[in-house]
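I am keeping these notes while I look through one protein model, beginning with its overall division and ending with the spaces inside it.

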Amino acid sequence: MVEFAGANWFVWNKALAMNLFRLEQKQPLLWYNELSFWLKLWKSSEDYGFLKTVHSQPLQQALKNLEKAFKDGFDKKQPLKRIPKFKKKGLSDSFRYPQGFKLEQESSKVFLPKIGWVKYRNSRQVIGDVKNMTISRKGGYWYVSIQTEYETELKRHSSTSMIGVDMGVTRFATLSDGSYVEPLNSFRKLSKKLAFEQRKLSKKVRFSANWKKQKQIITRLHERIANARLDFLHKTSTEISKNHAMVVVENLKIGNMSKSAKGSVEKHGKNVKAKSGLNKSILDQGWGMFVSFLEYKQACSGGDVLKVNPQYTSQTCPRCQHVSRDNRKSQSAFECTECGFKANADLVGALNVLERGHRLLACGVETLVSSKKQEPVGSSNTNLLLTA
């Protein structure tokens, strides 16, 4: 698996370097058909003959992924369009089979072409027709992600309530009914230990045996942080999705909110240290992943997710609609300068988010993520842990 993953990112980097050179020379890019021809030449050469030991399909999938990445990078409709980047060893260990694999759930085994039968931890039942398998490594473990397709009935949500959600740092999520969820801050809790282990790594000889051992310790810490955040987001999104048919959230531009304040050499930024701490807190929350979880869980349960404009939600009075920066006295206190309405600032934000959701629904704006608008065919990704 290490050899397959290594060959996969090698082919990606090789093809990417060719296309980046062509971009510099203002030449047309090489797409999948041309790159697959180059792949055959690499396999037959003496320098890159090791690619023959790897199954051809994962390497072809890497070239297809690169083609899609370039198309997305030049697509103006993509919100985060950018040129593809080079993959690093140990950080991009994955490969995908579009066909040729086998799955035996009774004996908890998968057959991977040119690798053989591999046991996996049968943590959940795989439903539907298997379309592809992606093998990836996280930390010291290998996982198989199985994508399936199956027919399913359109569901109606068991609840009829509508709720507004305000995302924050002090409170992870404040609901318009007055309840709120405390943040987990998984990175903050282990940041000191992580910094200590990284200082130990900096004192060791690069790529030595002790350096590799210390690198594994740091990798496990990062995996622990990510797993804790993932578990927290899943539990929180599941709780909200179960109890509310319509969830209204802010359409936050997290990339813009977490930009660095360092500035340039000619023009230095202001409050760089404070902004850096705020950026860490924002990224530690995982707001984008939380909204994504809400969307697919609401789609599966027959509910909806509605995104609204986040501007001035915490500065607008929910009683008289007066908008002023002076309304927000502090991080948590809100007092309207017009009518004297007092409440928690996060709760005010959630009430305004809910009100804007009602306003959009009244205008008939089509911005919902609804299972009612999908075809009665389900798609599922099942992640399973591979074992020796």
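Into which domains is the protein divided? I looked this up in the model, which is predicted, and found domain 1 at 1-74, domain 2 at 94-149, and domain 3, which is made of two stretches, 162-262 and 273-363. I then looked up the centres of domain 2 and domain 3, taken over C-alpha atoms, and they are separated by 33 Å.

Next I turned to the annotation. The UniProt record, an unreviewed entry, places the feature "domain: Probable transposase IS891/IS1136/IS1341" at residues 145-260. Over residues 145-260 I noted 48% helix and 20% strand, with the end C-alpha atoms 35 Å apart.

Then I went on to the second largest pocket, whose volume is about 650 Å³. Its lining has 23 residues, and those nearest the centre are Met167, Met257, Trp287, Ser314 and Arg328. Strand E7 (162-167), helix H7 (272-285) and helix H9 (345-363) each give two or more residues to this lining, and the largest share, three residues, comes from H9. Sorted by class, I have 10 nonpolar, eight polar and five charged residues in the lining of this pocket.

My last entry concerns enclosed space. A search of the whole structure gave me one cavity of 30 Å³ or more, and the largest cavity holds about 30 Å³ of space. Which residues line the largest cavity? I listed Leu184, Asn185, Ser186, Arg229, Phe232, Asp284 and Gln285, a lining that divides into two nonpolar, three polar and two charged residues. Helix H5 (209-243) and H7 each supply at least two residues of this cavity lining.

Note on methods:
Residues are numbered from 1 along each chain as its sequence is written. This is a predicted model: local features need pLDDT of at least 70, side-chain atom pairs count only at pLDDT 80 or more; totals for chains, interfaces and linings use all residues. Side-chain values use heavy atoms; hydrogens and water are left out. Domain bounds come from an automatic or database domain assignment. UniProt positions are given in the numbering used here, feature names are shortened, and annotations may be inferred rather than shown by experiment. Helices (H or I, at least four residues) and strands (E, at least two) are DSSP runs, numbered from the N terminus. On a 1 Å grid over the protein atoms alone, a cavity is a set of points where a 1.4 Å probe fits but cannot get out, and a pocket is an open set with protein on both sides within 12 Å along at least five of seven lines; lining residues have an atom within 4 Å of a point. Grid points are joined across faces, edges and corners, and a volume is the space filled by probe spheres set on the points. Ala, Val, Leu, Ile, Met, Phe, Trp, Tyr, Cys and Pro count as nonpolar, Asp, Glu, Lys and Arg as charged, and the others, Gly among them, as polar.
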